[in-house]
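Biologist: Could you walk me through this one? I would like to start with a single residue and work outwards.

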Amino acid sequence: RNVSYAQNITIPIDIISVADLTTSMACSVAGGNCGNGPGQCSACGGVWLLPLNYSKQAHYLLVNRILSMKGARVGIKGYHSSVPPSRSHNLSNNSFSLNTTITGWDTQALSGSNRKLCLAIEEARDNFLASPSNVSRVAIVMSAGAIDQSSGCEITSAPDWNNNGFPNDAG
């Protein structure tokens with residue numbers, strides 16, 4: 001519902017999605033012990049792995065739509081208590097490799113509630129800094145729960161990632 005697609009984009013673009021892979025993505029009902037396993041999720045009235053499955057579907061769509069455009073690349077930073085390489089993918093135009101990373105999300109246990117969103121954003125930033133200057137940059141950040149603010153990282157300034165003439169803007 002309420003979805004629109006940009007078509008016929010002719011500028012090169014890099015898009016990185018920062019995706020929550022914590023236990024918040026395990027059960028469609030939040031709170032208590034609902035995310036501790038399929039039985040607990042069902043007892044809470046939830047559907048096991050529904051949030052994760054929706055996220056995966058959105059990521060498959062993102063990869064397939066964006067990479068159908070000439071000059072486009074996609075990256076994924078899956079995070080929980082860290083940003084493990086097995087759950088992430090640097091900027092690429094290889095849809096098979098990106099989709100394989102996304103598929104692997106359900107074969108790996110979701111990790112606890114220690115969300116290191118800032119670390120994932122820093123990795124995305126580092127990928128963007130390596131992009132050519134004529135490339136527009138877009139970050140999509142998703143989080144299903146509270147963020148751990150004790151990670152020791154802080155993003156206080158940013159270059160003009162989207163090439164609109166305004167550094168430090170949300171783009």
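**Starting from one serine**

Modeller: Leaving out residues up to four places away in sequence, Ser131 touches Asp14, Arg73, Leu91 and Arg137. Keep in mind that this is a predicted model.

Biologist: Where does Ser131 sit?

Modeller: Ser131 is in the loop between H4 and strand E4, which covers 136–141.

Biologist: And is Ser131 buried or exposed?

Modeller: Ser131 counts as buried, at 8% relative accessibility. The cut-off for buried is under 20% relative accessible area.

Biologist: Back up a bit. Which helices and strands are there, and in what order?

Modeller: The protein has four helices and four strands. From the N terminus on, the elements run β-α-α-β-β-α-α-β.

Biologist: How much of the protein is buried?

Modeller: Buried residues make up 40% of the 171 residues. The protein exposes about 9200 Å², and carbon and sulfur atoms supply 52% of that area.

Biologist: What about contacts between residues far apart in sequence?

Modeller: Take the contacts with a separation of 6 or more: residues 24 or more positions apart account for 67% of them.

Biologist: Two of the residues around Ser131 were Asp14 and Arg73. What do the side chains of Arg73 and Asp14 form?

Modeller: They meet in a salt bridge, with 2.7 Å from N to O. Arg73 lies in strand E2 (residues 72–79) and Asp14 in strand E1 (residues 13–20), so the pair ties together parts that are 59 residues apart in sequence.

Biologist: Why would such side chains pair at all?

Modeller: Side chains of opposite charge can pair when their charged atoms come close.

Biologist: Are Arg73 and Asp14 buried or exposed?

Modeller: Asp14 is buried, at 1% relative accessibility. Arg73 is partly exposed, with a relative accessible area of 28%.

Biologist: How many salt bridges are there?

Modeller: The count comes to three salt bridges. One of them joins the side chains of Lys77 and Glu123, at 3.6 Å from N to O. That pair links distant parts of the chain, with Lys77 in strand E2 and Glu123 in helix H4 (residues 117–129), 46 residues apart. Lys77 is buried at 2% relative accessibility, while Glu123 is partly exposed at 29%.

Biologist: What does Asp126 pair with?

Modeller: Asp126 forms a salt bridge with Arg125, and their closest N and O atoms are 3.2 Å apart. Asp126 is partly exposed, at 42% relative accessibility.

Biologist: Staying with H4, what does Ala124 touch?

Modeller: Not counting residues up to four places away in sequence, Ala124 touches Ile16, Val18 and Lys77. Ala124 is found in helix H4 and is buried, with a relative accessible area of 3%. Ala124 and Ile16 are 108 residues apart along the chain, yet their C-alpha atoms are separated by 6.5 Å.

Biologist: New topic. Which residues of H3 are buried?

Modeller: In helix H3 (residues 95–103), the buried ones are Leu98, Asn99, Thr101 and Ile102. They cover an arc of only 150° around the axis, which puts them on the same side of H3.

Biologist: What do the buried residues of H3 pack against?

Modeller: They pack against helix H2 (50–66), E2 and strand E3 (88–92). For Leu98, setting aside neighbours within four places in sequence, the contacts include Val63, Val74, Ile76 and His89.

Biologist: And what happens at the start of H3?

Modeller: There, a side-chain oxygen of Asn94 reaches to within 3.1 Å of the backbone nitrogen of Phe96.

Biologist: Which residues have the most contacts inside the largest nonpolar core?

Modeller: Those are Leu52, Val63, Ile66, Val74, Leu98, Trp105 and Leu110, in a core of 19 residues. E1, H2, E2 and H3 are the elements that give two or more residues to this core. H2 provides the largest share, four residues. Apart from this core lies another, of nine residues, among them Ile16, Tyr79, Leu91 and Phe128.

Biologist: Why do nonpolar side chains end up buried together?

Modeller: It is a general tendency in soluble globular proteins.

Biologist: Last one. What is the phi of Leu49?

Modeller: Leu49 has a positive phi of about 65°, although it is not a glycine. Most residues other than glycine have a negative phi. Leu49 lies in the loop between helix H1 (38–43) and H2.

Technical notes: Residues numbered from 1 in each chain as written. Predicted model: local features only at pLDDT ≥ 70, side-chain atom pairs only at ≥ 80, totals over all residues. Heavy atoms only, no water. Salt bridge = Lys/Arg side-chain N within 4 Å of Asp/Glu carboxyl O. Buried < 20%, exposed > 50% of the residue type's maximum accessible area, 1.4 Å probe, protein only. Arc of directions from axis to C-beta. Contact = heavy atoms within 4.5 Å. Polar contact = N/O pair within 3.5 Å; in protein donor to acceptor, adjacent residues only side chain to side chain. Areas by Shrake-Rupley, 256 points an atom, 1.4 Å probe, with all protein chains shown as cover. Core = buried A, V, L, I, M, F, W, Y, C linked by side-chain atoms within 4.5 Å.
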